[in-house]
Structure formats: structure tokens, C-alpha cells
Amino acid sequence: MAQMRNKQVLLRDHVTGFPKESDMNIVESTITLKLPQGSNHVLLKNLYLSCDPYMRNLMNKPEGPPNSRAYTPGSPLTGYGVSKVLESGHPNYKEGDLVWGFTNWEEYSLLSSAQILFKIEHTDVPLTYYTGILGMPGVTAYAGLFEVGSLQKGEKVFVSAASGAVGQLVGQFAKLNDCYVVGSAGSKEKVDLLTDKFGFDGGFNYKEEPDLDAALKRHFPEGIDVYFENVGGKTLDAVLLNMRLHGRIPVCGMISQYNLTEHDGVTNLAQIIYKRVRLQGFNFMDWVHLYPKFLDFLLPNIREGKVVYVEDIAEGLENGPSALVGLFSGRNVGKQVLVVSHE
Ligand SMILES: NC(=O)c1ccc[n+]([C@@H]2O[C@H](COP(=O)([O-])OP(=O)(O)OC[C@H]3O[C@@H](n4cnc5c(N)ncnc54)[C@H](OP(=O)(O)O)[C@@H]3O)[C@@H](O)[C@H]2O)c1
């Protein structure tokens, strides 16, 4: 019975304010690579982990109603990942299957099969894609834009955090629908990606715009039909002044607020009434049932090169804390992936 080293990334303590690498530590435990007798669990070798902004919220000291996914100090972080099944006590999975779903930030995990979301059937695309374009961020972009945002052909679309895991897809999906698309991002390199790689009509670096309202008016003289909200705060406030009649704002995330102890106020909410705007929050898990339809839509577009994806790959669990923390200063260019093992 093989005893293996099992490197893990643990949360050291609950976090207030901006997360730091030192909020996590790397430990080496051991694991027996054998399912306990009669277990219906699965034993996984983790290959690729997804670094996601929501993970910051799970590091908070829990307040209010309990969140079953909140992290516990001294325990490994959890998150989306791509894994290989080493042994399965559940009839739906067998040795060698590739799967994606919830796993732990460690080399090997013994988990309930309920943690697995999907078996990976298409391996002609990079496996890392199942942490991003073909995983949670992809479905989020798709459901947020088409279902929550009710996107119509030819509309005017603005997306923030536009070069990131979700944002780069929002823009490309909207372009497939003949929309006019502009994004905001935090560096020249990222803004160049929007127009040169992802085919956006325009972009701006929000860090260099003293007046966000003026920047939006420059790009959207006739206003915005759909704002895909990823950042919140000042950007949302400026967007509200530029929405068109019956515009929609699918609220995917508000990363600018996750680390603040005092949140930015939003002062232009009355525009929602004047412009009859629909502002609606949503969560990927509410739309996971769309996954087969989503794959039918996206796989041909990937294979034909009509949708591309930029990833930022960090190698090794020991680089997990810095990769995760980097999301909050915009260090990642594209989807932040963490490689645990290539096979
Ligand atoms: N509702 C859901 O189910 C769901 C699912 C997935 C993601 N989300 C949300 O979607 C958003 C994007 O997630 P993602 O995975 O695609 O991340 P990402 O864009 O790949 O990475 C995060 C990016 O956020 C930007 N950022 C960081 N701090 C910021 C600030 N203070 N103000 C403005 N921008 C800031 C940075 O880009 P810049 O360099 O451009 O600033 C950073 O690269 C997040 O808010 C996330 O929580 C929600």
C-alpha cells in the first residue's frame, strides 16, 4: 500500500484586507494511495488548479449564515481543479478518468464523488482549459452574457476585468454575436490584448483614466446595452450614468471590493429607474446545467480558432499562494492556472 508525500496549501488564519502569501503555508503530509474498504469515494491526483477571486471571500472570518465552503485555518484551500482518478468506489468513475470539479489544494485528494462536476470527454484541447474557458469561468461568461444579460445581436457591450478568465470570453462571445465590445483592464499590455488578440472594438486602462464617465462616453457615445460587471465600485458608478434604456447589468463579481473593510459607495443607482435597467447578480452554480449546451457552442469555436484563450500558468503548489494573491493586484495576464502535476 503506497504511502505518498502529499504537499498541501493550508490557510494559516482568517484574512482581513488584502491577502498575502504568508496567509497560507505549504506543508508536506502523507497519504495512503488506497481507497478505504467499501468506500464510495474517489481518490484523485490533482493536475491543474484554478485560482479564483471568490477564494478570497472564503478566507474571511465567517459572519452571518454559515457558508459550507468557507476555509478553516489549518486546512487545505479548496477550489476548482482538473484531476485524474486513481481509484474509484463510485460506479460513475474509474481509474484513469479525467474529471473537473471541486478539489483540495494538494497533490492527492480523497473526496466524495459529489465533489466532481464533470467527466472530461474532449481531450483534443489543452486540459488546463477545464479550469477556465471550458470550466467554471467559461460557463460564467456564457450564462452571464446570454441568460442573465439577455444579449441581443448587435448590442453595445462593456466588460470590466476584460482580459481575465471571464472577461476575455465575455468580449469574444459578444463579438460572435456582432456586438460592439469595449473592455477595461489595468495595464497597456492587457488593453492591447483586448483589441489585438480577442478582437474587441476598443479598450482602456482604467488606472490611467482620471474620469471614468468621460472614458465611457468616449467609447459609447450612444450608451451601453449590456455591462458585464466584474469589478464594482467606481466603475459601476460611472457605468450607471451611461446605460441605455432597458439596459442590463449581469453582476458577476466586484473584485475591487473584496479586500476593503469600508466599501465604496455607489451613488448613481437612481439611473436604474430612469433607464429601466435590470441589474442582476448570479452565480455559476445556478447555471451548471447548461454545461452540455455550452460545450456544443464553444468546442467548435475553439477548434476553428474563432475563440482563443490566454492563460497565465504558475508551476508547482509552492507557487499557489503568490498566484492566488496576484489576482488582487492584476499580476495575472489571462486565466491564472496553477499546475500541480502535468500527468
Ligand atoms: N458569479 C460567479 O459565479 C463568478 C464566477 C467567476 C468569476 N466571478 C467574478 O468575476 C470577476 C472576474 O473573475 P476572473 O476569474 O475572470 O478573474 P481575472 O479577471 O482573471 O483576475 C482578476 C482581475 O481583476 C482585476 N482587478 C483586481 N483588483 C481590481 C480592482 N481593485 N479594481 C479593478 N479590477 C481589479 C485585475 O485585472 P486588471 O489588471 O485588469 O485590473 C485582475 O487580473 C471577479 O469579480 C470574480 O469574483 C464570478
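Two strands count as paired if DSSP finds at least two bridges between them. With that in hand, welcome to this predicted model.

**The sheet**

A good place to start is an open sheet of six strands, joined by parallel pairing in the order E10-E9-E8-E11-E12-E13. At its edges are strand E10 (202-205) and strand E13 (278-281), each of which pairs on one side only. On average, and with direction ignored, neighbouring strands of this sheet are turned by 15 degrees against each other. As general background, strands of a sheet pair through backbone hydrogen bonds, either parallel or antiparallel.

Let us look at some of the pairings in this sheet. E8 and E11 run in the parallel sense and share three bridges; here valine 159 has phenylalanine 228, in E11, as its bridge partner. E11 also pairs with E12 in the parallel sense, over two bridges, and isoleucine 224 stands opposite methionine 243 in E12. Moving on to the edge, strand E12 (residues 243-251) is joined to E13 by four bridges, again in the parallel sense. There, isoleucine 249 finds its bridge partner in leucine 279 of E13.

How many residues of E11 are buried? Five of the five are, so this strand is largely enclosed by the rest of the structure.

**Helices on the sheet**

Helix H3 (residues 167-176) lies across strand E8 (156-159), strand E9 (180-185) and strand E11 (224-228), and it runs at about 170 degrees to E9. Helix H4 (residues 188-196) packs on the sheet too, where it touches E9 and E10, and its direction makes about 170 degrees with that of E10.

Which residues of H4 are buried? They are Lys190, Val191, Leu193 and Leu194. Seen down the axis of H4, these buried residues fall within an arc of 150 degrees, so they line one face of the helix. Their cover includes H3, E9 and E10. The face of H4 turned away from the buried side carries the exposed residues Lys188, Glu189 and Asp196. A general point helps in reading such a pattern: an α-helix has 3.6 residues a turn, so residues three or four places apart point the same way.

**Helix against helix**

Two packed helices are described by the angle between their axes and the distance between the axes. Here are two such pairs.

| Helix pair | Angle | Distance between axes |
|---|---|---|
| H2 (residues 136-148) and H3 | about 45 degrees | 9 Å |
| H5 (residues 212-219) and H6 (residues 233-240) | about 50 degrees | 9 Å |

The angle between H2 and H3 makes H2 oblique to H3, and their crossing is right-handed. On the H2 side the contact is made by Pro137, Gly138, Ala141, Tyr142 and Leu145, and on the H3 side by Leu169, Val170, Phe173 and Ala174.

For the other pair, the angle makes H5 oblique to H6, and the crossing of H5 and H6 is right-handed. Leu212, Asp213 and Leu216 of H5 meet Lys234, Thr235, Ala238 and Val239 of H6 in this contact.

**A residue in a loop**

Finally, try finding glutamate 318, in the loop between strand E14 (311-315) and helix H9 (320-326). Is glutamate 318 buried or exposed? With 11 other C-beta atoms within 10 Å, glutamate 318 is exposed, since a residue counts as exposed at 12 or fewer. Glutamate 318 and leucine 134 are 184 residues apart in sequence, and their C-alpha atoms are 25 Å apart in space.

Definitions and conventions
Residues numbered from 1 in each chain as written. Predicted model: local features only at pLDDT ≥ 70, side-chain atom pairs only at ≥ 80, totals over all residues. Axes fitted to C-alpha atoms, helices over the stretch in contact; angles between N-to-C directions. Contact = placed C-beta atoms within 7 Å. Buried ≥ 20, exposed ≤ 12 C-beta atoms within 10 Å, placed from the backbone. Arc of directions from axis to C-beta. Parallel < 35°, antiparallel > 145°, perpendicular 65-115°, else oblique. Left-handed = near helix turned anticlockwise from the far one by under 90°.
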